[in-house]
Amino acid sequence: MLSVELVFRNSATDDAVITNIHVEKLADKARSSFGGVDIYEFPVIPQLNPSQMQNAYIGVDYSDTLQPAQFTICCNICDEAQRFKLQLNASVGELIRPCTTSEGNFNKLRSQLTGMNVQDTELEVPETLSSALVTKCVCTVANLGPVTSEGQRRFLFAGRTVAAKSVVLVSLEAGKLIVNCENITIGSMLMKDIKQAVSILI
């Protein structure tokens, strides 16, 4: 589950007070499901006076999908009910959490993720790009942990999806970008995002 910070500000210049700020519930359940994405609401904000600001946090379970999180914020402004529809889109890299592993275990896990669990494309990383720059670029695109490799110009990264904890392995070596992941959609999108980011550096 991802934690998302929301910032509420009453920018009114008069005496307008905002009250009862909350996420609209479906069927009066503590957890609301919107299109397969679960939203965990924040506690009700009783009142927000003019020029006042308050932060709140919601939990979003994307279930390892790229489906947007859609929900509605309800409140009363000067005792008049208002509803504001919001949509939150997470990039594929945000659906992953980094993990640490050895190069030997990386190779072992990769040998188990074959067939349709492999996405690859040609991507030559020139010698002029430093290892630090390549690593920073990949880890900026996705929440992956770098794996120490004994091979020259072999860049390895590992992570797991947030919901299902599925293994995600990424390697840049021998002129190829390879992504191993049980979730075919995540693997495909991740490959495209990383290739695009690294290609900009070349």
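**Notes on the predicted model, starting from Asp61**

1. A good place to start is the surroundings of Asp61. Setting aside residues up to four places away in sequence, Asp61 touches Met1, Gly36, Val37, Asp38, Tyr40 and Ala163. Please keep in mind as you look around that this is a predicted model.

2. Where does Asp61 lie? You will find Asp61 in strand S6, which covers residues 53-61. Is Asp61 buried or exposed? Its relative accessibility is 19%, so Asp61 counts as buried; the cut-off for buried is under 20%.

3. Next, follow the side chain of Asp61. That side chain reaches the backbone nitrogen of Ser63 at 2.9 Å. Ser63 itself sits in the loop between S6 and strand S7 (69-77), so this polar contact links a residue of strand S6 to the loop after it. With a relative accessibility of 34%, Ser63 counts as partly exposed.

4. Ser63 also deserves a look for its backbone. Its phi is near 55°, a positive value in a residue other than glycine. As background, most residues other than glycine have a negative phi. A second case is Ala174, where phi is near 50°, again positive in a residue that is not glycine.

5. Where is Ala174, then? Look in the loop between strand S13 (167-173) and strand S14 (176-181). Ala174 has a relative accessible area of 82% and is therefore exposed. To put the two residues side by side: Ser63 is partly exposed, while Ala174 is exposed.

6. Back in strand S6, Gln54 is another residue to click on. Which residues does Gln54 contact, leaving aside neighbours within four places in sequence? They are Leu6, Val7, Phe8, Ile45 and Leu48. The relative accessible area of Gln54 is 30%, so Gln54 is partly exposed, whereas Asp61 in strand S6 counts as buried.

7. Two distances may help you find your bearings. From Asp61 to Asp120 there are 59 residues along the chain, and their C-alpha atoms are separated by 28 Å. For Gln54 and Leu88, the separation is 34 residues in sequence and 19 Å in space, C-alpha to C-alpha.

8. Now step back to the whole protein, which has 3 helices and 14 strands. Its C-alpha trace spans about 65 × 35 × 25 Å along the principal axes. The radius of gyration is 22 Å, whereas a compact globule of 202 residues would have one near 17 Å.

9. How much of the protein counts as buried? The share is 43% of the 202 residues. Taking contacts between residues at least 6 apart in sequence, 65% join residues at least 24 apart.

10. Finally, the surface and the charges. The protein exposes about 11,000 Å², with carbon and sulfur atoms supplying 50% of that area. How many charged side chains of each sign are there? The protein has 17 positive and 21 negative ones, and the centres of the two sets lie 6 Å apart.

Conventions: Residues numbered from 1 in each chain as written. Predicted model: local features only at pLDDT ≥ 70, side-chain atom pairs only at ≥ 80, totals over all residues. Heavy atoms only, no water. Helix = DSSP H or I, 4+ residues; strand = E, 2+ residues; numbered from the N terminus. Rg over C-alpha atoms; globule rule 2.2 N^0.38 Å. Buried < 20%, exposed > 50% of the residue type's maximum accessible area, 1.4 Å probe, protein only. Contact = heavy atoms within 4.5 Å. Areas by Shrake-Rupley, 256 points an atom, 1.4 Å probe, with all protein chains shown as cover. Lys, Arg positive; Asp, Glu negative; His and termini not counted. Charge placed at Lys NZ, Arg CZ, Asp CG, Glu CD. Polar contact = N/O pair within 3.5 Å; in protein donor to acceptor, adjacent residues only side chain to side chain.
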